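Dear colleague,

Please find the structure below, handed over for your records. A summary of the findings follows it.

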Amino acid sequence: MARIAFIGLGNMGGGMAANLAKAGHEVVAFDLSEPALARAEERGATRAASAEAAMEGAEAVVTMLPAGKHVRDVYEASIIGKAPTGAILMDCSTIDVATAREVIAKAAAAGYGMVDAPVSGGIAAAEGGTLTFMVGGTDGAFERARPYLEIMGKAVIHAGEAGAGQAAKICNNMLLGATMAATCETFAMAKKLGLDLQTFYDISSKASGQSWSMTSYCPVPGVGPETPADRDYEGGFAAGLMLKDLRLAMEAARSVDAYTPMGSEAEVLYTRFAEALGGAGRDFSAIIKMIDDSWTP
Ligand code: NAD
């Protein structure tokens, strides 16, 4: 069993670290938040006084932080040059591709194996150990990271070189944002055209308009499987996080001159919903309420 330094024990990291501890690993945790740290301790981790202190004797390092600037700061100040060089470094945060590549290059130059390993799946999947990891890095780094990621996830996929995990994650979520917006506007229009929404679902879910946003995450209450729409759009995947991912996608699109009209329209819609209308904390399918302001779920 290994000694694992875990930095960032928030909504996602808390469950992930608990699963590593449950599997018998020695988890040494650090977070700037005292409640997060106390909860990690209750769930089997040992508390470190600082991120740097957590690195002592670490064989693996996992970070689950909010954004690129936190990842860069923590790796530069407290991990690279502080953890033993034999430790495998895994950043599971969702961040921009450029920062992921930059941090992995700096780690490699200092002699570390490192992967970017963002996840698909929310808090429930982090708790249940059923996340999907999209991993970027060399074959050697991927193989070293895999046994740890497999404890926290149900699928661990090597997406390519450094940064490829983040690239796969934002491409997937750009598609998700666009299909959810399209699914919402379609149901709103179907309603105005007098269609029964269950009947429309029965048709479209078996026809060419079908997508995950429709059949696994239908934004209409009482239609399709149970989703956040059935709980007045609470829980699920927050619109604010979808907006964060769409912004990362647009940044990546600009960096490679990719033409993404649907992705950029999704960003406009989610900016309006999450920021101008205060919907950041609602599930991302609640955007149907903005698309049709007469919508009565
Ligand atoms: P969170 O805000 O709940 O947790 C982040 C934690 O990092 C906090 O506890 C914070 O105190 C800590 N932190 C910040 N700066 C730090 C520092 N310098 N040193 C130590 N600790 C520090 O966020 P979350 O929901 O757990 O998300 C984490 C990452 O996972 C994000 O990148 C997010 O986009 C991604 N993600 C989240 C979800 C989700 O459903 N919540 C799903 C997939 C991916």
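**The annotated residue and its surroundings**

The UniProt annotation "active site", taken from an unreviewed entry, covers Lys169. Please note that the model is predicted.

Lys169 is part of helix α8, which spans residues 164-192. Lys169 counts as buried because 27 other C-beta atoms lie within 10 Å, where 20 or more are required. Leaving aside residues up to four places away in sequence, Lys169 touches Thr94, Pro118, Ser120 and Met134.

**The two domains**

The protein is divided into domain 1, covering 3-161, and domain 2, covering 167-291. Their centres, taken over C-alpha atoms, are separated by 29 Å. Contact between the domains involves nine residues of domain 1 and ten residues of domain 2. On the domain 1 side of this contact there are five nonpolar residues, three polar residues and one charged residue.

**The ligand**

Where does the ligand's shell lie with respect to the two domains? Both domain 1 and domain 2 give residues to the shell around the ligand, so it lies between them.

There are 27 residues around the ligand, and those that come nearest are Gly8, Gly10, Asn11, Met12 and Gly122. Three helices, α1 (11-22), α4 (68-79) and α11 (239-255), each supply at least two residues of the shell. By class, the shell comprises 15 nonpolar, nine polar and three charged residues.

With kind regards

Notes: Residues numbered from 1 in each chain as written. Predicted model: local features only at pLDDT ≥ 70, side-chain atom pairs only at ≥ 80, totals over all residues. UniProt positions renumbered as here; feature names shortened; annotations may be inferred. Helix = DSSP H or I, 4+ residues; strand = E, 2+ residues; numbered from the N terminus. Buried ≥ 20, exposed ≤ 12 C-beta atoms within 10 Å, placed from the backbone. Contact = placed C-beta atoms within 7 Å. Domains from an automatic or database assignment. Nonpolar A, V, L, I, M, F, W, Y, C, P; charged D, E, K, R; others polar. Near = placed C-beta within 6 Å.
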